[in-house]
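Colleague: I am new to this structure and would like a close look at a single part of it. Could you take me through that part slowly, and then through whatever else belongs beside it?

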Amino acid sequence: MWTGSWVTARWGFHMRTGESPLRVPVSDLLGIALRRNPRRTHLLVSTVLGKHVPTDPRLVLAAGRLLGTLVADQLSPDISPTPPTWERLGRLLQAAIRGAPGSAAAMLRAVPEPTGCGSGVVVLGYAETATGLGHAVSDALPDSYYLHSTRRAVTGAEAVAGFEEEHSHATSHLLLPEVPGALLGDGPLVLVDDELSTGQTVRNTIAALHRLTPRRRYVVAALADLRSHDDRVAMDRLAERLDTSIVVVALATGEVGLPADPPSLEDLRTIGGLRTIDEQGGRDGSSHRPAARIVVDDLWPRGLRDGARHGWLRTDRAALDRQLPRLAARLATEVAGDGSVLVLGTEELMYTPLRLAVALAEVTHAQVRYSTTTRSPAAPVDDPGYPLRTALAFCAGDEQAERYAYNVAPGAGETRFDTIVVVTDTEAPDLLNAVGGCCDQLVVVPLPSYRPGALPAPLRGPQFGSYAADEVSWLLQDLSHVSLEAPTEEREEAIQSGGGHYAESLPVEYVPSAEYRQLFEKALAASAARVATAVGVVTELVLARRGDEAVLVSLARAGTPIGILMRRWAQFARNLDVPHYAVSIVRGRGIDPVALRWLAAHHDPARVMFVDGWTGKGAIVRELQAALVAHATTTGQHFAGDLAVLADPGHCVSLYGTRDDFLVPSACLNSTVSGLVSRTVLNDDLIGPGDFHGAKFYAELADVDVSAQFLDAVSAQFDSVADDVTAARAERPTGPTWRGWAAIEEISADYGIGDVNLVKPGVGETTRVLLRRVPWRILARADAAADIEHVLLLAEERGVPVEYVEALPYSCVGLIHPQFTRGAIGATGTRAAVQPRGAIGATGTRAAVQP
């Protein structure tokens, strides 16, 4: 039965369906209820939103992402589904709405995977009803920035804009992005609401935001577009007046015909009532039974935002995706195995409860439904032709205002839920008491509500690291108290199996043997002048490009000793006191955005130069450039993407001291040549949304620390190499050719590795493979023996075969063991004999494998 039939039979409401790509009747998406609001006494209740009516969460997520696909069709029409596909998706949607077995899961699987819509897209969802819907639309636009409006004032958060929703019970909306510049770009703006009745709220929003920053394009997305002809004309006139484009997309279109004599507030007082707590027992005559209550207060990791009240980035979505399997498995231990489960969000907190519900449905046999509480005061009517059959009223928030939960208590002929999981970001004792009478078991999942605060402070030595305080400021969080080290083989297996990211843990810190320490001393004595020359050359290039107000930002940790040396050269050659910071960058996850915000708050981003030790194949160069573009589009903070390095054997940058692939002594060791600081950590359980990435200070290794020795040995050569630097500067540096990347792709293919991330070219990267990963074999050039003596020693210590290859474009290349498992090759890390392969193609042929 259509859940608008009860109202239409009594007051003469009616719906008419219009044209849409999906060809879904608008009545499939909406029922009609009555609400206690003198501005508008009817309430359109969505069958796919999960706000007022408990719904299969997979249907809710699928409908939102399908709406996002319609938006992507407007932004990138060349990659959108064909018309027959739209109609097929529409049929799947109808089947899921009507409850066909397995249809909701099939619908979610059928929604096209996002393919990108360009950078600079901002998605704005309306509180409170469309906060989760906006998230789902943003899911289909993977590079977008998402923010939802809020009616909740947040201490310390400044509103950058606001607008009014005249017909609503709560009219004022605030926009509270953590970074105000997030809304200042000129890319497309997507506005998301559950339904467009007149479009007045959208027009108010566009007018307000266009005053803030004019845009050439707006896309309005709604589950149902019910505007009249006059309302559509009003939207067109606004677009003409603002000299912009406004396009509306929806899953269904149509109109709602209103009666000449709509129901009055007096009518509403006579047709339904709110259930009191004492009336929440089963309708089968059973007595009220308070539910057993379980609080799962250890579920939510520190690194996950609760939602987009202050902004939501692609990285936030990725973090949630990573954690959901674990969260669902933990939650599944608390719910009935095959019973009925309602996951209940609270007001604006819609998306994370929805994703939890979807994940729970995938790992249990339970019948999982999803809905949220609301501020909307509606009249319940216990009739199958009416959408809101029961209502619970309770007080919430600091103001103890009345809130509602619809269809949580069972209606006539319905059974109550076995388990209700309440996911809340506020204290909600009244809510818990109210819903506790509607189930056998109540599971409470508190989520910390993220609140923007002051940016964290940098770390400096000697409290963190062995470098002097004026040499470098670490934009990192101190994790020295946390045990993060794991055996190399265990880490490698987790990384390659997808069970963990390399930045979530640390390798056991390598303590060099006496023989290896002698190699470091020898290498330092032999190459100090060569390093000093390269330092001088690259520093002069940076100062020429950024000026005397340059700010050095090294990529921790390999870039940090080089950044210190560059700072020392600027003092030596120019008498400049150049600021120097160290920040974290993580392959696959980008540069630390909190550190970038700190830098933008204290320096001109145009003066910042990022610094690293060397290039291999150029993966970090690409990671840095992509991350800075994304940061600019979501914050308005523009950092240049050029990277300065000491050595560029991969030919990946235009600012370099040399392109020779030689032994930089700081590459020989880990923390003991890098200020006793670990490589950086990005772990969702430890790093919150407002935190710097983390690292550890190994103060206990002070007796083997050679960080200062390395810096002083190189700096001592500055005077003697000054003429060489001047001569080298006369040679104009060439731009990147990326020839190293091409060579690595060839090696990966020839050795059957299939993943360039497991091929680590150059002396520095090969050293890292031997110190941190599970090496498979080392490729080396026979004429590079002097530069790779330490590599050969490490390979011998770890039992890794060395294969000499003619015409290798690097001194050496480290190959990480592909498809590594401890069971396959032993937990000790020693290697079995490697069978030699044939020719490597354009890079040359191999000599015999060395034991």
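Modeller: In this predicted model, a good place to begin is strand β28 (residues 643-647), which runs parallel to β29 and is joined to it by three bridges. Within this pair, Ala644 is the residue that stands opposite Leu655 in β29. The two strands belong to an open sheet of six strands with parallel pairing, whose order reads β19-β24-β23-β27-β28-β29. The edges of the sheet are held by β19 (473-474) and β29 (655-658), and because each has a single partner strand, one side of each is left without a neighbour in the sheet. Packed on the sheet is helix α17 (residues 619-635), which touches β23 (551-555), β27 (608-614) and also β28, while the direction of α17 makes about 160° with that of β27.

Elsewhere in the chain there is a pair of helices to consider. The axes of helix α21 (residues 762-772) and helix α22 (residues 789-798) come within 10 Å and cross at roughly 20°; since angles under 35 degrees count as roughly parallel, α21 is therefore roughly parallel to α22. The crossing of these two helices is left-handed. On the side of α21 the contact is made by Val763, Thr766, Thr767, Val769, Leu770 and Leu771, and on the side of α22 by His790, Val791, Leu794, Ala795 and Arg798. Sorted by character, the residues of this contact between α21 and α22 comprise seven nonpolar, three polar and one charged.

Notes. Residues are numbered from 1 along each chain as its sequence is written. This is a predicted model: local features need pLDDT of at least 70, side-chain atom pairs count only at pLDDT 80 or more; totals for chains, interfaces and linings use all residues. Side-chain values use heavy atoms; hydrogens and water are left out. Axes are lines fitted to C-alpha atoms, for helices over the stretch in contact, and angles run from 0 to 180 degrees between N-to-C directions. Helices (H or I, at least four residues) and strands (E, at least two) are DSSP runs, numbered from the N terminus. Angles under 35 degrees count as roughly parallel, over 145 as roughly antiparallel, 65 to 115 as roughly perpendicular and the rest as oblique. A crossing is left-handed if the near helix is turned anticlockwise from the far one by less than a right angle, and right-handed if clockwise. Contact means heavy atoms within 4.5 Å. Ala, Val, Leu, Ile, Met, Phe, Trp, Tyr, Cys and Pro count as nonpolar, Asp, Glu, Lys and Arg as charged, and the others, Gly among them, as polar. Two strands pair if DSSP finds at least two bridges between them.
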